[in-house]
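This report walks through a structure from one residue in a loop to the sheet and the helices packed around it. Please keep the sequence and the model in view while reading.

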Amino acid sequence: MRRLLITGAAGQLGRVMRKRLAPLADTIRLADLARLDPPERDEECMSCDLSDAAAVHEMVAGCDGIVHLGGVSVERPFDQILGGNIVGLYNLYEAARAHGQPRIVFASSNHTIGYYPQTERLGPDGPYRPDGLYGVSKCFGEALARLYFDKFGQETALVRIGSCTPEPTNYRMLSTWFSHDDFASMIEAIFRVSTLGCPVIWGSSANDAGWWDNSHLGWLGWKPKDNAEAHRTHIEALTPTPDPSDPTTRFQGGDFVNNPIFKE
C-alpha cells in the first residue's frame with residue numbers, strides 16, 4: 001500500500017500496531033484525538049475527533065487501507081459511546097465511500113456476544129448477545145459495515161477481538177487471549193488476500209481452551225501461532241481458582257457482564 005491509516009493510534013493496541021504494521025505501506029498515517037508521539041520517518045500524525053465528519057474525511061483522504069482501532073474501547077456512558085463508536089463509525093464509512101473505498105479492518109469485540117455461556121463454542125453466525133452498551137455499539141458497527149458492503153461493495157474484516165495483550169494474565173484469558181503477533185499477522189493476511197468481502201473473524205490465538213471457531217477462514221491464509229496454554233501453569237500459581245457461580249466465570253464477556261449502565 002501507499003498509505004495505511006491507523007485510527008486510535010495513541011491507544012494501547014495502536015501503539016503496538018504502529019511499529020508492527022510499518023512494512024505494509026510506504027507511509028503510515030496515525031490518527032487519534034489523544035496526543036501522539038512525534039512521527040518517525042515514513043509516518044504522518046493527525047489529530048481527529050471521529051464525531052467531526054469533516055475531520056474524518058480529511059483523515060481518510062489518500063489512504064489505501066484502514067485499521068480502525070479508534071473510538072471508545074470499554075464500557076462508558078452512552079453519550080461517550082455515541083460520539084466515538086456510532087456517529088464516528090458512520091463518519092468513517094462515509095469518508096471511505098467518498099475516497100475510493102479503502103479496505104477496512106474494524107476492531108469489533110467479543111463483547112458483542114458476551115452473554116453466551118463459557119461452555120458454548122461459537123461460529124461466526126450466531127445472534128448477538130452483547131454484555132453492555134459498548135458491546136451494542138460494536139454490534140452496530142458490524143451491521144453498518146455489512147450494509148456498506150452489500151450496498152456499495154466496501155470490504156471490511158469484522159475482527160471480534162478477545163484479550164489482545166502481551167500475555168494472558170487470568171483464567172478467562174486462557175480462552176480469549178489474542179497475541180500481538182497473531183493480530184499483526186492477521187492484519188497482514190486481510191490486506192494480502194485478493195478478495196475479502198465482509199467476514200466475521202474471531203480475534204484470538206490458537207488457544208486450547210478457546211471458545212470461538214475460525215474454521216470458516218481457510219481462504220484467508222492465516223493461522224494463529226500462539227497458545228495461551230503455555231501460560232496456564234503461571235496463571236494457576238498466581239491466580240485464585242474462579243468461583244463457577246460468579247457471572248464473570250459463567251459468561252464469555254467476563255467482568256463486563258457485571259457493569260451497570262453508566263451515567264454521566
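Ala-209 counts as partly exposed because its relative accessibility is 24%, where buried means under 20% relative accessible area, exposed over 50% and partly exposed in between, with a 1.4 Å probe and protein chains only. The model is predicted, so that local features need pLDDT of at least 70 and side-chain atom pairs count only at pLDDT 80 or more, while totals for chains, interfaces and linings use all residues. Residues are numbered from 1 along each chain as its sequence is written, and side-chain values use heavy atoms, with hydrogens and water left out.

Ala-209 lies in the loop between strand 7 and helix 7 (232-238); helices (H or I, at least four residues) and strands (E, at least two) are DSSP runs, numbered from the N terminus. Leaving aside neighbours within four places in sequence, Ala-209 is in contact with Leu-174, Ser-175, Glu-229 and Arg-232, contact meaning heavy atoms within 4.5 Å. The C-alpha atoms of Ala-209 and Arg-160 are separated by 17 Å, the two residues being 49 apart along the chain.

Arg-160 leads to strand 6 (residues 156-161), where 6 of the 6 residues are buried, so strand 6 is largely enclosed by the rest of the structure. In a regular strand the side chains alternate between the two faces of the sheet. Both faces of strand 6 are covered, with Thr-156, Leu-158 and Arg-160 buried on one side and Ala-157, Val-159 and Ile-161 buried on the other.

Strand 6 belongs to an open sheet of 7 strands with the order 3-2-1-4-5-6-7 and parallel pairing, two strands being paired if DSSP finds at least two bridges between them. The edge strands, each pairing on one side only, are strand 3 (43-47) and strand 7 (200-203). Neighbouring strands of this sheet are turned against each other by 20 degrees on average, direction ignored. Within the sheet, strand 5 (residues 103-109) runs parallel to strand 6 and is joined to it by 6 bridges, and Val-105 has Ala-157 in strand 6 as its bridge partner. Strand 1 (residues 3-7) and strand 4 (residues 65-68) also run parallel, joined by 4 bridges, with Leu-5 standing opposite Ile-66 in strand 4.

Helix 2 lies across strand 1, strand 2 (27-32), strand 3 and strand 4, and runs at about 165 degrees to strand 2. Axes are lines fitted to C-alpha atoms, for helices over the stretch in contact, and angles run from 0 to 180 degrees between N-to-C directions.

Two helix packings involve helix 3:

| Pair | Axis angle | Axis distance |
|---|---|---|
| Helix 2 (residues 53-60) and helix 3 | about 45 degrees | 9 Å |
| Helix 3 (residues 78-98) and helix 4 (residues 133-152) | roughly 15 degrees | within 10 Å |

Helix 3 and helix 4 are therefore roughly parallel to each other, given that angles under 35 degrees count as roughly parallel, over 145 as roughly antiparallel, 65 to 115 as roughly perpendicular and the rest as oblique. The residues of the contact of helix 3 with helix 4 divide into 13 nonpolar, 3 polar and 3 charged; Ala, Val, Leu, Ile, Met, Phe, Trp, Tyr, Cys and Pro count as nonpolar, Asp, Glu, Lys and Arg as charged, and the others, Gly among them, as polar.

Helix 2 and helix 3 pack at about 45 degrees, which makes helix 2 oblique to helix 3. Their contact is made by Ala-53, Val-56, His-57, Met-59 and Val-60 of helix 2 and Asn-91, Leu-92, Glu-94, Ala-95, Ala-96 and Ala-98 of helix 3.
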